[in-house]
Amino acid sequence: MAVLTLLDAINQALDQKMADDSRVVVYGEDTGFEGGVFRVTAGLQKKYGVDRVFDTPIAESAITGSAIGMAINGLIPVAEIQFDGFVFPGYTEIVTHMARYRNRTRGRHGLQIVVRFPVGGGIRALEHHSESIETLLGHIPGLKVVIPSTPYDAKGLMISAIEDPDPVIFMEPKRIYRSGKQEVPEEMYRIPIGKAKVVKEGTDVTVVAWGAFVREVEKAIKLLENDNINVELIDLRTINPIDEETILNSVKKTGRFVVVQEAVKTYGPGAELISIVNEKAFLHLEAAPARVTGFDITVPLAKGEHYHFIQPERIAAEIKKVAKF
Amino acid sequence: MLFKDYEPLKKKQFQILDAEGHLVKPELEPKLSKETLLKMYKTMALGRVADIKALQYQRQGRMLTYPPNRGQEAAQVGAMAALEPLDWLSPAFRELNAMLYRGVKLEQIYLYWFGNEWGNHFDEDVRVLPVNVIIGSQVNHAAGLAYASKVLKKNEVAVATIGDGGTSHGEFYEGLNFASSYNAPLVVVIQNNQWAISTPRSKATKAETLAQKSYAFGIPGIQVDGNDILAMYVATKEAVDYARAGNGPVLIEAVTYRLGAHTTSDDPTIYRKDEEVQAWEKKDPMIRFKKYLIDKGYWTEAEDKALEEENNSYVGETFKKVEATGLETLEDIFKYTYKEMTPQLTEQYEYMKKYLEEEGK
């Protein structure tokens with residue numbers, strides 16, 4: 001079995017789906033000839049030609065808006081937005097049309113579209129290159145929003161996303177694009193959208209994370225080795241629809257709940273997950289649920305980002321507080 | 001060639017049939033069959049009655065907000081008559097006549113403005129996207145339709161319509177630029193009806209014409225008398241043929257006028273003078289087209305009167321049918337958010353259903 005990075009795994013998924021289905025087209029700013037600024041789409045244009053793998057003008061609203069017409073007229077667009085912060089010029093088409101088209105036409109035009117982009121901080125980048133915007137997409141009815149944390153999941157989720165009959169926002173945690181490799185099967189396989197994964201079973205505290213932060217929680221768990229706290233770690237994998245069942249089953253067992261999100265705190269996914277736990281597992285709780293989050297500030301530039309981005313030590317400290325509540 | 005003769009910076013407006021119904025460019029008169037010409041005229045006549053009645057229904061509190069089309073019939077139908085059956089229309093929202101010509105049923109159009117999404121569920125073979133309320137964005141959708149047509153070698157052209165106000169929008173530029181860079185078969189028809197609610201065309205841009213914006217994309221542009229249905233047909237036909245041949249997009253500016261209000265919520269007497277409206281009433285596209293048809297011996301006043309009566313009763317009956325549809329079902333407002341309801345939606349739907357049952361509603 002090949003050992004791949006998360007980036008390579010996404011490339012392989014795109015490659016295999018393009019070979020499998022001639023309707024799939026991959027495009028975005030610098031996506032074709034160069035293979036994207038991170039090289040996620042490297043080699044695809046050479047293999048599938050300039051009609052199916054192409055560079056676009058720097059116009060995010062044309063990238064997301066044209067996907068709608070392409071999907072209606074027989075293609076399966078996989079549109080790339082170069083960075084998380086550049087989604088916003090294309091956000092209007094996603095929110096006002098892409099998410100609503102099936103409903104607006106009472107099922108006449110469902111849109112089989114993937115919009116993919118690198119997400120999150122940790123690479124000492126410029127402004128607008130380090131945003132965690134899962135709330136802004138997970139809040140929109142009609143969209144599915146996924147974020148993988150491992151190469152294996154990245155491939156399986158991408159294949160599911162391309163095959164999904166509804167628009168899927170595919171967020172790629174850029175800080176782990178190349179850090180960490182994993183055995184990835186050569187054949188095509190699917191990870192279902194809407195299903196979380198129990199990464200590590202435990203009995204004392206349920207911790208939910210996603211994307212790059214699954215690994216950060218694993219580091220925190222290591223730091224807690226001598227504290228006699230047995231953490232159950234869940235990788236959410238899909239921001240919307242939320243896999244409530246996996247979370248609630250875990251909380252009913254542990255009685256304690258912590259959410260880790262890189263995104264700013266207020267109205268973040270953590271608030272939603274804690275509400276679900278409060279509504280549906282309240283009497284099982286032995287401690288107030290907690291959030292470990294970014295702060296309600298603009299993501300700082302490189303010299304200040306270490307305060308904002310969550311370190312494993314801070315996660316460990318919060319888990320400890322909840323365990324000893 | 002038409003686009004050379006009427007290059008926007010030559011400041012010429014393309015016209016074949018003047019306001020009095022005289023052929024000012026007889027050599028460019030399109031060779032349309034009697035059948036096609038009458039289909040065009042009958043669509044406009046039905047559109048006009050449906051438009052006027054929609055306003056009445058709204059005033060009676062039976063119809064919701066509605067955007068009147070009166071005055072723009074030729075600009076819409078003339079353009080649509082140039083399309084092939086498999087071509088696409090990506091419309092804005094003031095498109096009653098265009099949609100009727102392309103096969104959307106009046107019942108569906110009324111149902112939508114009556115407040116029901118089923119009005120956007122067109123028949124499968126109707127190549128029209130739903131009413132688009134977000135200004136300008138339909139140009140991007142049409143660019144995508146056109147791109148797909150090109151790479152799948154479908155030979156279809158996508159036509160987007162947009163108002164003069166919409167040309168201020170980024171998506172107008174992004175969509176046209178995107179399609180132009182791939183020579184995708186897109187035609188954009190600007191319905192320049194002079195007013196974006198209360199903002200006159202002159203305040204929306206310093207550009208003297210909207211057609212000249214074509215230079216920025218490296219594509220042909222042409223300004224057309226939008227109340228001259230023959231000129232609209234000829235210009236759009238040339239544009240559609242040009243796009244279909246793989247040359248890329250064309251931009252058409254149809255100079256027309258919204259004789260009515262922006263929507264039923266708008267009072268145009270606040271921002272424009274009666275004299276202006278009266279001057280445009282004289283340029284009503286229906287008057288000159290009817291005269292043209294009568295002069296050709298294709299139509300008579302008696303037939304016109306009979307058609308109006310027929311349309312009156314057809315529109316009345318259609319609206320009655322729409323009114324009888326009542327409210328949507330609870331299931332319908334949930335069911336089409338995704339192909340399959342998510343667990344969250346199922347739970348919310350079941351909750352509301354139970355709540356309504358318990359309340360006896």
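This is a short talk on a two-chain model, going through each chain and then the contact between them.

Hi everyone, thanks for coming. Before anything else, please keep in mind that this is a predicted model.

Let's start with chain A. Its secondary structure comes to 12 helices and 14 strands. How does the radius of gyration of chain A sit against that of a compact globule? For 325 residues, such a globule would come out near 20 Å, and chain A has 19 Å, so the two agree. If you are thinking about box sizes, the C-alpha trace of chain A spans about 60 × 40 × 40 Å along its principal axes. Of the 325 residues in this chain, 56% count as buried. The contacts reach a long way along the sequence, too: taking those in chain A between residues at least 6 apart, 80% join residues at least 24 apart.

Chain A also splits into two domains, with domain 1 covering 2-184 and domain 2 covering 197-323. Taken over C-alpha atoms, the centres of these two domains of chain A are 26 Å apart. Where they touch, domain 1 of chain A brings 25 residues and domain 2 of chain A brings 22. Which elements of domain 1 of chain A supply at least two residues each to that side? They are two helices, α6 (134-138) and α7 (151-163), and two strands, β6 (144-146) and β7 (168-173). By class, this side of domain 1 of chain A has 10 nonpolar, 8 polar and 7 charged residues.

Now over to chain B. Here we have 15 helices and 7 strands. The radius of gyration of chain B is 21 Å, close to the 21 Å from the globule rule for 361 residues, so this chain is as compact as a globular protein of that length. Its C-alpha atoms fill a box of roughly 70 × 50 × 40 Å along the principal axes. Half of it is tucked away, in the sense that 50% of the 361 residues of chain B count as buried. As for contacts in chain B between residues at least 6 apart in sequence, 75% join residues at least 24 apart.

One helix to pick out on the screen is α2 of chain B, residues 34-59. From first C-alpha to last, its 26 residues reach 38 Å, close to the 38 Å expected at 1.5 Å a residue. After α2(B) comes Gly61(B), which has a positive phi, near 75 degrees.

Let me also zoom in on a single residue, Ile135(B), in the loop between α5 (106-113) and α6 of chain B. Is Ile135(B) buried or partly exposed? With 18 other C-beta atoms within 10 Å, Ile135(B) is partly exposed, because a buried residue needs 20 or more. Setting aside neighbours within four places in sequence, Ile135(B) is in contact with Gly165(B), Gly166(B) and His169(B). By comparison, Pro285(B) lies 150 residues from Ile135(B) in sequence and 25 Å away in space, C-alpha to C-alpha.

Last, the contact between the chains. Chain B puts in 34 residues and chain A puts in 37. On the side of chain B, α6 (138-151), α7 (170-181) and α15 (343-358) each supply at least two residues. The top contributor there is α6(B), with 10 residues. Sorted by class, the side of chain B that touches chain A has 16 nonpolar, 14 polar and 4 charged residues.

That's my tour, and I'm happy to take questions.

How values were computed
Residues numbered from 1 in each chain as written. Chains lettered and ligands numbered in written order. Predicted model: local features only at pLDDT ≥ 70, side-chain atom pairs only at ≥ 80, totals over all residues. Contact = placed C-beta atoms within 7 Å. Helix = DSSP H or I, 4+ residues; strand = E, 2+ residues; numbered from the N terminus. Nonpolar A, V, L, I, M, F, W, Y, C, P; charged D, E, K, R; others polar. Rg over C-alpha atoms; globule rule 2.2 N^0.38 Å. Buried ≥ 20, exposed ≤ 12 C-beta atoms within 10 Å, placed from the backbone. Domains from an automatic or database assignment. Expected span 1.5 Å × (residues − 1).
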